[in-house]
Each structure stands twice: as C-alpha cells, then as structure tokens.
Amino acid sequence: MMKRKILVMIVLTVLGGTNVLTAQPENPNTITAGLAGVGVVFSDTTRLSGPGLVMAYERAITRSFSLGLETFGNFAFEINTYDNTSWFRGMAGAQTRVKWYPGGGPFFTDLGLGYSWEFADENRDGFLVSPEAGWKIDPGKPGGFVIIPAITVPVFIGRDKGSAYGKSIEVGLLSTISLGFAF
C-alpha cells in the first residue's frame, strides 16, 4: 500500500500538480515558424551548421504536456566562377515532439524523434533524436502572438551513402527562435 502511495505522488509530481482530466489550456493550438541559428555539428569532421527554417504545430494536452509535429530544412547553392563548378547542399527532416512545461509555466523541455535527410556530395539519412529546452513567451493576453527561443541538441544516427565509412553519428548544438500564434 505504501508503494502505491509513493507511485501516485511521483506521478502527480511529474504531471506538475495538474489534474489531467480538467486542466485544459485556454489556447491549446500553437503554430510557429522560425530560424534555426548558427550552431556546431560534432562528427568525424566538425563543421558549422548554417541557418535553416523550422515550422511546427503544437497541441496542448494539459497545461504541462503537449504533442507536436515539426519540419525543418536548410539549403545552399554555390557557384564557383574560378573553376566553373557549382553545388547544391541541403538538409530536410520531420519529427514528432513531446513537450513538458514544469508546473504549467512558460519554460519547457522536450524530446523530438524523427527522420533527417542531408544531401550534398555524400547523402546521409537516418534517425534523429533531439532534446530541447526553451521558453514560450506569450506577451500580453494569453493566446495570440508567441515567441519561442530554444536550444536544441540534435543527435543524428544514420548511414552515409557514397562514403567509405557507411555509418554516421553526429551531435549538434543549435539555437532556434520561432514566432507564432496560439489559438
């Protein structure tokens, strides 16, 4: 019996003290678009990651939890007039995100699981795990315009096509800022 009480207390603490059945947020939907800023990707060749676009939809389940979908990508085209060559490089992906707002406040942590595809001289595709922490700023009245700055640590586990190694594991550190609308 004591173990059951401890388990119930842990579950209530994790849920931030909210009642899952009655604590529905006023504006459960949020649509955002933003920029993933310059970051660093650590792999066999450490490199800077350029800015990219991020679009997301989030649906609040309770005041402390939400589920969402996110798409992202960045693209570059370069023409080298010295040796008359050009190349196109980019990355695209999608993931499902689970967010937790401790105590129902503006700060959050989340975990994204999805797929990423990078194309350039060597194509890479694979599984993406990306924990994130951020702040959902809702100026003025609840709902309407929102600003979401966040820090993401994407971990890419996949395969290199056209590479002698075949497998690829990359860990990054990216800053993002998104603007959106809660309704």
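Good morning. I begin with a pair of charged residues: E132 and R97 are both buried. They form a salt bridge, with the closest N and O atoms 3.7 Å apart. This pair links distant parts of the chain, since E132 belongs to strand β8 and R97 to strand β6, 35 residues apart. I should state at once that the model is predicted.

R97 has a further partner. A salt bridge also joins R97 to E70, and here the closest N and O atoms are 3.4 Å apart. Again distant parts of the chain are linked: E70 sits in strand β5 (residues 65-80) and R97 in strand β6, with their positions 27 residues apart in sequence. How accessible are these two residues? R97 has a relative accessible area of 4% and is therefore buried. E70, at 12%, is buried as well. Taken together, E70, R97, D110 and E132 are linked in a network of salt bridges. As a general remark, side chains of opposite charge can pair when their charged atoms come close.

The structure holds 6 salt bridges. Another of interest is between the side chains of K136 and E58, at 4.0 Å from N to O. K136 lies in the loop between β8 (123-135) and β9 (144-152), while E58 lies in strand β4 (residues 52-60), 78 residues away in sequence. Because its relative accessibility is 18%, under the 20% limit, K136 counts as buried. E58, at 7%, counts as buried too.

Let me turn to the chain as a whole. Its secondary structure comprises 1 helix and 11 strands, and in sequence order the helix precedes the strands. Of the 183 residues, 37% count as buried. Among contacts between residues at least 6 apart in sequence, 53% join residues at least 24 apart. The chain exposes about 11,300 Å², of which carbon and sulfur atoms supply 70%.

Next, the surface. Which residues form the nonpolar patch? They are L111, L113, F127, I151, V153, I157, I169, V171 and L173, with about 760 Å² of accessible area together. The elements giving two or more residues to this patch are β7 (107-119) and β11 (167-182). Strand β11 provides the largest share, 3 residues. L173 lies in that strand, β11, and is partly exposed, with a relative accessible area of 45%.

Finally, a loop position. G105 is found between β6 (85-100) and β7. With 27% relative accessibility, G105 counts as partly exposed. G105 and S64 are 41 residues apart in sequence, yet their C-alpha atoms are 7.7 Å apart in space. Thank you for your attention.

Technical notes. Residues are numbered from 1 along each chain as its sequence is written. This is a predicted model: local features need pLDDT of at least 70, side-chain atom pairs count only at pLDDT 80 or more; totals for chains, interfaces and linings use all residues. Side-chain values use heavy atoms; hydrogens and water are left out. Patches are made of residues with over 30% relative accessible area and no salt bridge: like charges are joined within 9 Å, nonpolar side chains (Val, Leu, Ile, Met, Phe, Trp, Tyr) within 5 Å. Accessible areas come from the Shrake-Rupley method with a 1.4 Å probe; for residues, only the protein chains shown count as cover. Helices (H or I, at least four residues) and strands (E, at least two) are DSSP runs, numbered from the N terminus. Buried means under 20% relative accessible area, exposed over 50%, partly exposed in between (1.4 Å probe, protein chains only). Contact means heavy atoms within 4.5 Å.
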